[in-house]
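Thanks for coming. I have one structure to go through today, and I will put it on the screen now.

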Amino acid sequence: MDKKCLITYTSFTGNTEKVALKFKVTFENQGWQCDIFKVRKNADDILRPPFDVRQYDFLCVGSGLRAHLPYNEILNMLRGLIWGFDPRITLGFRDESIPYINEPVPKLTKDPRESHRKIVLGPDSPKAVVFITYGGYEFGAKEAVPAMQLLALEIEHMGFQCIGQFCCPGKYLNDPTPMAFHGDIRDRPNEKDLLKAQMFIEEKLEEIAERKR
Ligand SMILES: Cc1cc2nc3c(=O)[nH]c(=O)nc-3n(C[C@H](O)[C@H](O)[C@H](O)COP(=O)(O)O)c2cc1C
């Protein structure tokens, strides 16, 4: 069995990074080769990420939440990978752009009809999971669900079948927030969250090993 995994994530305050690093150690302990790529804030390497996603058997994509959504950096990198052209072209369809990238937006040379084909995912598709850390002050984990679903949909556009979604709270305000859904989350993700992250990956790897038997 091929065992090559890529973990790519955005983390502005380090919470999602803790989960990403726990995932990496867990894959390696299970005998996988695991590359990791952090998408930095306001960096233009999203236009040319230093990996070929098709070389991986397993993909993990993660982010923190801002205003209910994953960070634009990871979404834009995925948009580029999905369509194979500059993500600012796709953003242009929504009258949006990436303000910190100065190089000119290329013209769309591809026929859009070529980009749209039915995708059928099956047992032989490479697998993926998504992960989110969130504050969840109002509704708890429910606040992470739309973001996880969005990331899952994006990676399925890349031909990876999403077989799991993981989320846990991540420190937001430097305040005990006693009225918030989870109460004080200033130490999250904590050891227990990270143990859950480890078990999540271990279970997914068992699942795919069983499917191959
Ligand atoms: C400006 C800002 C906006 C945020 N918006 C949300 C939000 O809409 N929903 C939520 O659950 N958490 C929200 N959070 C909390 C972060 O998602 C949480 O702290 C997360 O763990 C940060 O991940 P990171 O450290 O990997 O960047 C917000 C945090 C900041 C700083």
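The buried residues of α1 pack against five strands and a helix: β1 (4-9), β2 (33-38), β3 (58-66), β5 (127-134), β6 (161-169) and α6 (191-212). Keep in mind that this is a predicted model. The buried positions in α1 are N15, T16, E17, V19, A20, K22, F23, T26 and F27, so there are charged and polar residues on that list as well as nonpolar ones. Now the length of that helix. With 15 residues, 15-29, at 1.5 Å a residue, α1 should span 21 Å, and its end C-alpha atoms lie 22 Å apart, which agrees. Just after α1, G31 has a positive phi of about 90°.

Next, the strands β5 and β6. They run parallel and are joined by eight bridges. For orientation, K127 stands opposite Q161 in β6. How are β5 and β6 connected, and with which hand? Together with helix α5, residues 145-157, the two strands make a right-handed β-α-β unit.

That brings me to the core. The largest nonpolar core has 43 residues, and those with the most contacts inside it are L59, C60, V61, A128, V130 and I155. At least two residues of this core come from each of β1, α1, β3, α2 (72-83), β5, α5, β6 and α6. Which element gives the largest share? That is β5, with six residues. As a general point, nonpolar side chains in soluble globular proteins tend to be buried together.

Take A128 as an example. Leaving aside neighbours within four places in sequence, A128 is in contact with F58, L59, C60, V61, I155, F160, Q161 and C162.

Last, α6. Its 22 residues, at 1.5 Å each, should span 32 Å, and the end C-alpha atoms are 32 Å apart, which agrees. The buried residues here are D193, A197, F200, I201 and K204. Seen down the axis of α6, these buried residues fall within an arc of 90°, so they line one face of the helix. The face turned away from that buried side carries exposed residues: E191, K192, L195, M199, E203, E206, A209 and E210. And what covers the buried residues of α6? The cover includes α1, β5 and β6, and α6 is in turn among the elements that the buried residues of α1 pack against.

That is what I have; I can go back to any of these on the screen.

Key. Residues are numbered from 1 along each chain as its sequence is written. This is a predicted model: local features need pLDDT of at least 70, side-chain atom pairs count only at pLDDT 80 or more; totals for chains, interfaces and linings use all residues. Helices (H or I, at least four residues) and strands (E, at least two) are DSSP runs, numbered from the N terminus. The expected span of a helix is 1.5 Å times one less than its number of residues. A residue is buried if 20 or more other C-beta atoms lie within 10 Å of its own, exposed if 12 or fewer, and partly exposed in between; C-beta atoms are placed from the backbone. Two residues are in contact if their C-beta atoms, placed from the backbone, lie within 7 Å. Two strands pair if DSSP finds at least two bridges between them. A crossover is right-handed if, with the strands pointing away from the viewer, the path from the first strand over the helix to the second runs clockwise. A nonpolar core is a set of buried Ala, Val, Leu, Ile, Met, Phe, Trp, Tyr and Cys residues joined through C-beta atoms within 7 Å. The arc is that of the directions from the helix axis to the C-beta atoms.
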